[in-house]
Amino acid sequence: MLRAKLRRAGYERGKIMPPKAKFEKEEIIEAALTLVRREGFSALTARALAGELGSSPRPIFTVFQSMEEVQDEVLKAAREHYNGYVRKGLAKTDGPRFKGVGEQYIRFAVEEPKLFALLFMREQGGQPDIDNILPVIDENYEEILSSIVEGYGISGADAGRLYEHLWIYTHGIATLLATKTCCFTPEQIGKRMTEIFTGLLREIKNSRK
């Protein structure tokens, strides 16, 4: 009888039982991602996240040890959201899959500018050289590279060179759109990407003759 009363009072064997989490981990991450999508990564503070949840900051820290843990989870969620765009591009059936990836990269920048900035416009911990940057920032690198090799019958080295050049160009367009520096129509984007891609592919093939 006494034990039951103590348990109801939050005690067990003389110790205070930990408070029950008010929010599930997934709820907190979703709220944090929503906040970042709207206001940017720098806006992700304990107070701002608590406001998004309609609560005080305390329930956040019954699930997470620190805001750094929350930030890490938001980065993972942002990458997975981006990966969905890449998968859609690789599933393209009405044209080259590699072109589909480029189109989806730009679409992601337009539709999710804050997440694009978080993933692709943030200062890196180190400073990888151009030959190593793509595997560092995009976990889909190998699959995208394979789509070039399979689609155009070129070697892995040539595919890597083509991918590198096209990413620089595509990233430029995506950044201009994400920052609203200027605008492009889908037709303008498609025409420019085709011109650059065709010229590069011709140059690569001619260099192998």
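At what angle do the axes of helix 4 and helix 6 cross? In this predicted model, the axes of helix 4 and helix 6 (residues 113-120) come within 10 Å and cross at roughly 110°. Because angles of 65 to 115 degrees count as roughly perpendicular, helix 4 and helix 6 are described as roughly perpendicular to each other. On the side of helix 4, the contact is formed by Leu 75, Ala 78, Arg 79, His 81 and Tyr 82, and on the side of helix 6 by Leu 115, Leu 118, Leu 119 and Phe 120.

These two helices belong to a protein that contains ten helices and two strands. Read from the N terminus, the order of the elements is α-β-β-α-α-α-α-α-α-α-α-α. Of the 209 residues in the protein, 39% are buried, while the exposed surface amounts to about 12800 Å², of which carbon and sulfur atoms supply 52%. Among contacts in the protein with a separation of 6 or more, 61% are between residues that stand 24 or more positions apart.

The largest nonpolar core comprises 60 residues, and those with the most contacts inside it are Leu 44, Leu 49, Val 70, Leu 162 and Tyr 163. Helix 4 (residues 67-90) gives the most to this core, contributing ten residues.

A view of the surroundings of individual residues can begin with Ala 32, which lies in helix 2 (residues 25-39). Ala 32 has a relative accessible area of 0%, and since buried means under 20%, this residue counts as buried. When neighbours within four places in sequence are left aside, Ala 32 is in contact with Leu 44, Leu 49, Val 70 and Val 74; three of these partners, Leu 44, Leu 49 and Val 70, are also listed among the core residues with the most contacts. Although Ala 32 and Leu 49 are 17 residues apart along the chain, their C-alpha atoms are separated by 6.0 Å.

Leu 162, another of the residues with the most contacts inside the core, touches Ile 148, Ile 154, Phe 197, Leu 200, Leu 201 and Ile 204, again without counting residues up to four places away in sequence. The position of Leu 162 falls within the range of helix 9 (residues 156-178), which has 23 residues and reaches 31 Å from its first C-alpha to its last, close to the 33 Å expected at 1.5 Å a residue. Just after helix 9, Lys 180 adopts a positive phi of about 55°.

How values were computed:
Residues are numbered from 1 along each chain as its sequence is written. This is a predicted model: local features need pLDDT of at least 70, side-chain atom pairs count only at pLDDT 80 or more; totals for chains, interfaces and linings use all residues. Side-chain values use heavy atoms; hydrogens and water are left out. A nonpolar core is a set of buried Ala, Val, Leu, Ile, Met, Phe, Trp, Tyr and Cys residues joined through side-chain atoms within 4.5 Å. Buried means under 20% relative accessible area, exposed over 50%, partly exposed in between (1.4 Å probe, protein chains only). Helices (H or I, at least four residues) and strands (E, at least two) are DSSP runs, numbered from the N terminus. Contact means heavy atoms within 4.5 Å. The expected span of a helix is 1.5 Å times one less than its number of residues. Accessible areas come from the Shrake-Rupley method with a 1.4 Å probe; for residues, only the protein chains shown count as cover. Axes are lines fitted to C-alpha atoms, for helices over the stretch in contact, and angles run from 0 to 180 degrees between N-to-C directions. Angles under 35 degrees count as roughly parallel, over 145 as roughly antiparallel, 65 to 115 as roughly perpendicular and the rest as oblique.
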